[in-house]
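Trainee: Could we take a close look at one part of this model together? I would like to start from a single side chain and follow its surroundings outwards.

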Amino acid sequence: MAHAQFHKNQRVFVRPVGTWARIERVIPQWTKGLDEPIRIYYDVGLGREFGADELHPETNIDAVDDEGEHWRLVRAHNKWQADAETSNHPYPGTYPIVATSESDNSGWRVPSAEYAVSPMRIERQARMVVCTPLLANAAKQLWAWAKAAPEEVPDALSEAILQAREAVTYMEDGPE
């Protein structure tokens, strides 16, 4: 039996066409005598129905909250290059933006020329920036634990704890 993997109005990447679209209708294919549909197709307004294996959901990394920070990765349409020119990119026709507030138009962006040179590197960097508040919180907790109980710190962790302290100090006070 089939279960819907996407929902109406969800934004998806349509692999055979190489473009982004919104699901307009979820179309179950029923068979007499069964309680659940045997297949589910999706109408995205591109002239035919697509199966779930032909669609890819929009990636939106879960938001990270750290002391009021709300960072997440969103995708923006690439206005400067056609989808055909970006077919070798991880998400053709889009580029990553790290939104650092509630609105999607704030935060960190990369110039399109730099993204075009190395899209995989920029995608990884964007994910790293999104995870920064979470990693900073982990480094603060690690340093606080080591400071509270220095005799319990194993030798194998001492170097990592020193690096965590340096990172937290740099983050909070800036370069010396």
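What does F6 count as at its relative accessibility, buried or exposed? Please take me on from there to the strands.

Mentor: Happily! First, a word on how to read this: the model is predicted, so local features need pLDDT of at least 70 and side-chain atom pairs count only at pLDDT 80 or more, while totals for chains, interfaces and linings use all residues. Residues are numbered from 1 along each chain as its sequence is written, and side-chain values use heavy atoms, with hydrogens and water left out.

Now to your residue. F6 counts as buried, because its relative accessibility is 7% (buried is under 20%, exposed over 50%, partly exposed in between, with a 1.4 Å probe and protein chains only). Its ring also brings us to the aromatic pairs, of which the model has 2 (rings of Phe, Tyr and Trp, its six-membered ring, with centres within 6.5 Å; stacked under 30 degrees between planes, edge-to-face over 60, tilted otherwise). In one of these, the centres of the F6 and Y42 rings are 5.3 Å apart and the planes stand at 80 degrees, so the pair is edge-to-face. The two partners come from distant parts of the chain, 36 residues apart: F6 lies in the segment before β1, and Y42 belongs to strand β4, residues 39-43 (strands are DSSP runs of E, at least two residues, numbered from the N terminus). Y42 is buried as well, with a relative accessible area of 1%.

F13 and W20 make an aromatic pair too, again edge-to-face, with 5.3 Å from centre to centre and 65 degrees between the planes. F13 is buried at 10% relative accessibility, and W20 is buried at 13%. The backbone joins them as well: W20 in β2 is the bridge partner of F13. Around them, β1 (residues 11-14) and β2 pair in the antiparallel sense over 4 bridges (strands pair if DSSP finds at least two bridges between them).

Step back, and you find an open sheet of 3 strands, ordered β2-β1-β6 and paired antiparallel. β2 (19-22) and β6 (55-57) each have a single partner strand, so each is left with one side that has no neighbour in the sheet. On average, neighbouring strands here are turned by 40 degrees against each other, direction ignored (axes are lines fitted to C-alpha atoms; angles run from 0 to 180 degrees between N-to-C directions).

R11 is worth a stop in strand β1. R11 is buried, with a relative accessible area of 18%. Leaving aside residues up to four places away in sequence, R11 touches W20, A21, R22, P57, E58 and T94 (contact means heavy atoms within 4.5 Å).

Finally, back to the strand that holds Y42. β4 sits in an open antiparallel sheet of 3 strands in the order β3-β4-β5. Its edge strands, β3 (25-29) and β5 (49-51), each pair on one side only. Neighbouring strands of this sheet are turned by 35 degrees against each other on average, direction ignored. β3 and β4 are antiparallel partners over 5 bridges, and I27 stands opposite Y41 in β4.
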